[in-house]
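Trainee: Please give me a close look at one part of this model, the surface near the DNA. Take it contact by contact, then move on to whatever else deserves a look.

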There are 2 protein chains.
Amino acid sequence: MEQYFSILKQSPLFAGIEERDLSPMLGCLGAKERQYKKGSSIFSEGEPAVYIGLLCSGAAQIERIDYNGNRTIVSVVDSGELFAESFACAGVERLPISVTATEDCAVILLDCRRITQACCNACAFHQQMIYNLLKITAQKSIRLHQRAEIISHRTTRGKLMAYLTLQATQKSSTKFTIPFDRQELADYLEVDRSGLSAEISKLRKEGILTCRKSDFELL
Amino acid sequence: MEQYFSILKQSPLFAGIEERDLSPMLGCLGAKERQYKKGSSIFSEGEPAVYIGLLCSGAAQIERIDYNGNRTIVSVVDSGELFAESFACAGVERLPISVTATEDCAVILLDCRRITQACCNACAFHQQMIYNLLKITAQKSIRLHQRAEIISHRTTRGKLMAYLTLQATQKSSTKFTIPFDRQELADYLEVDRSGLSAEISKLRKEGILTCRKSDFELL
DNA sequence: CTCCGTTCGTTGAAAATTCAACATACATTT
DNA sequence: AAATGTATGTTGAATTTTCAACGAACGGAG
């Protein structure tokens, strides 16, 4: 577990908590370490929602597959980020989404009940963690709002441009790399892959952007 | 302010807090009461996001209007619910959405900074409120996920049926009343109003549902 | 009662998406 | 070097949505 301390102490979940307190806290919280191979499932839709996941290395996606087999990519999880914390904190019975490793992953699982219920050893930290969790959860809400704003555009072009301009804003640069290939981007934007490719070509011809694979530049 | 105590003590924000403590707390939190007429704006897009709103009476909607004038209804706010808490808690600069009164409203505004920063008088309550806020924020995230799941369907019929079956599930009944007229439902589902009306007619002819105005029944 | 404004349903044409199929490019393996 | 597999781009037909316009139903105001 100690190998991930450099990740943990940078995580907003442990903001305001000293590194020397990490080890007893993790024990108190019943933290479990898990490894997942690229492509494997970290959480599956329908599982009980009790664990908060903290991605220590690798990358993952929040997905949903409907009964027709259509995949939706709800969001991406980068190293150092939490996932599934909303479901665990809200006390829902079962996960409405799946979490899939897009790279080999190392994950720390925290039982949400151990965070939200005070314990005898490290109570002082619990309050800080709950506050940290509040801030993280609120920021995740914003990301959901942002995705909703993107998806709410009616056309492929509208969705694509909304996504790309948001990426450019967040990276503070007109050049950026997106974390998706074409199929994944289509699954994130809720559009047809071939139509998305066609729209990218059109935007390229119109001189609005250039791209190579996942590297984009807005002109 | 006292006239709203019956609402306040039922609000999840004040769960675990005694009614006799409400009055000093509201003072400590710098609560402000506001009245809004039906159709007026409670918060406008671009305003600084410092206040958490608590709707004491009436009803409101979370909306966004894009540069073309297209309205998106992100969610509805019912009496007793919080709104804008994610934006305030996440510490974003400006609101990315507007809140509009769909009925005459009474609202209590709470400065988020006064909740998340401990104060000298009622510190014991602050921790409870932060925990309550965490739970509320997480539950709001779930609602955003639910809307995303609805919007993610590609066709008008798919979106409509996803919405209606969710409503039926939440009301635990095949008969229910939705909080939207046709235009508002279209703005929530991100579809064309006339196309939505046509789809409802078709579903009616197919014997899948019956409806009168906003009263629906799934068969 | 009539007028008026709003909501809702209907329709047909225009526009956009989806779908299926195939071509191309590139990297990896044998 | 050839074969294979994956990702991406292209195309045309089918489907669906959007858009604009209009008519019917309804309720409130005068």
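Mentor: Helices here are DSSP runs of H or I with at least four residues, numbered from the N terminus. Keep in mind that the model is predicted.

Start with DNA strand C. It is surrounded by 16 residues. The closest are Thr156(A), Asp192(A), Arg182(B), Ser197(B) and Ser201(B). That list draws on chain A and chain B. Which part of the strand faces the protein? Of the strand C atoms within 4 Å of the protein, 63% belong to sugar or phosphate. The rest belong to bases.

Now the elements. Three helices each supply at least two residues of the surface near DNA strand C: α8 (193–205) of chain A, and α7 (182–189) and α8 (193–205) of chain B. The largest share comes from α8(B), with 5 residues. By class, the surface near DNA strand C has 1 nonpolar, 8 polar and 7 charged residues.

Next, individual atoms at strand C. Take the bases first. Ser194(A) puts a polar side-chain atom 3.3 Å from a base nitrogen of DNA strand C. Arg193(B) has a side-chain N or O atom 3.1 Å from a base oxygen of DNA strand C. Then the backbone of the DNA. A polar side-chain atom of Arg154(B) sits 3.0 Å from a phosphate oxygen of DNA strand C.

Turn to DNA strand D. Here, too, the count of surrounding residues is 16. The closest are Arg182(A), Ser197(A), Ser201(A), Thr156(B) and Asp192(B). Of the strand D atoms that come within 4 Å of the protein, 59% are sugar and phosphate.

Again, look at the atoms. On the base side, a side-chain N or O atom of Arg193(A) is 3.1 Å from a base oxygen of DNA strand D. On the phosphate side, protein backbone atoms take part. A polar backbone atom of Thr156(B) is 2.4 Å from a phosphate oxygen of DNA strand D. Asp192(B) has a backbone N or O atom 2.8 Å from a phosphate oxygen of DNA strand D. The elements that give two or more residues to this surface are α7 (182–189) and α8 of chain A, together with α8 of chain B. The largest share near DNA strand D, 5 residues, comes from α8(A). The class split near DNA strand D is 1 nonpolar, 8 polar and 7 charged.

Go back to α7(B), which supplies residues near DNA strand C. How does α7(B) pack against α6(B)? The axes of α6 (residues 156–171) of chain B and α7(B) come within 10 Å and cross at roughly 105°. Angles from 65 to 115 degrees count as roughly perpendicular, so α6(B) is roughly perpendicular to α7(B). Lys159(B), Leu160(B) and Tyr163(B) supply the α6(B) side of the contact. They meet Leu185(B), Tyr188(B) and Leu189(B) in α7(B). This contact has 5 nonpolar, no polar and 1 charged residues.

Follow the chain past α6(B). Ser172(B) lies in the loop between α6 and β9 (175–177) of chain B. Its phi is positive, about 55°, although it is not a glycine. Is Ser172(B) buried or exposed? Exposed counts as over 50%, and Ser172(B) has 66% relative accessibility, so it is exposed.

Lys213(A) is another non-glycine residue with a positive phi of about 55°. It is in the loop between β10 (209–212) and β11 (215–218) of chain A. Lys213(A) counts as exposed because its relative accessibility is 64%.

Last, two more loop residues of chain A. Ser11(A) is in the loop between α1 (5–8) and α2 (22–29). At 2% relative accessibility, Ser11(A) is buried. Leaving out residues up to four places away in sequence, Ser11(A) touches Leu54(A) and Gly80(A). Asp78(A) is in the loop between β5 (71–77) and β6 (82–83). Asp78(A) counts as partly exposed, at 40% relative accessibility. Beyond its neighbours within four places in sequence, Asp78(A) is in contact with Leu55(A) and Gly58(A). Asp78(A) and Ser44(A) are 34 residues apart in sequence and 18 Å apart in space, C-alpha to C-alpha.

Conventions. Residues numbered from 1 in each chain as written. Chains lettered and ligands numbered in written order. Predicted model: local features only at pLDDT ≥ 70, side-chain atom pairs only at ≥ 80, totals over all residues. Heavy atoms only, no water. Near = heavy atom within 4 Å. Polar contact = N/O pair within 3.5 Å; in protein donor to acceptor, adjacent residues only side chain to side chain. Nonpolar A, V, L, I, M, F, W, Y, C, P; charged D, E, K, R; others polar. Axes fitted to C-alpha atoms, helices over the stretch in contact; angles between N-to-C directions. Parallel < 35°, antiparallel > 145°, perpendicular 65-115°, else oblique. Contact = heavy atoms within 4.5 Å. Buried < 20%, exposed > 50% of the residue type's maximum accessible area, 1.4 Å probe, protein only.
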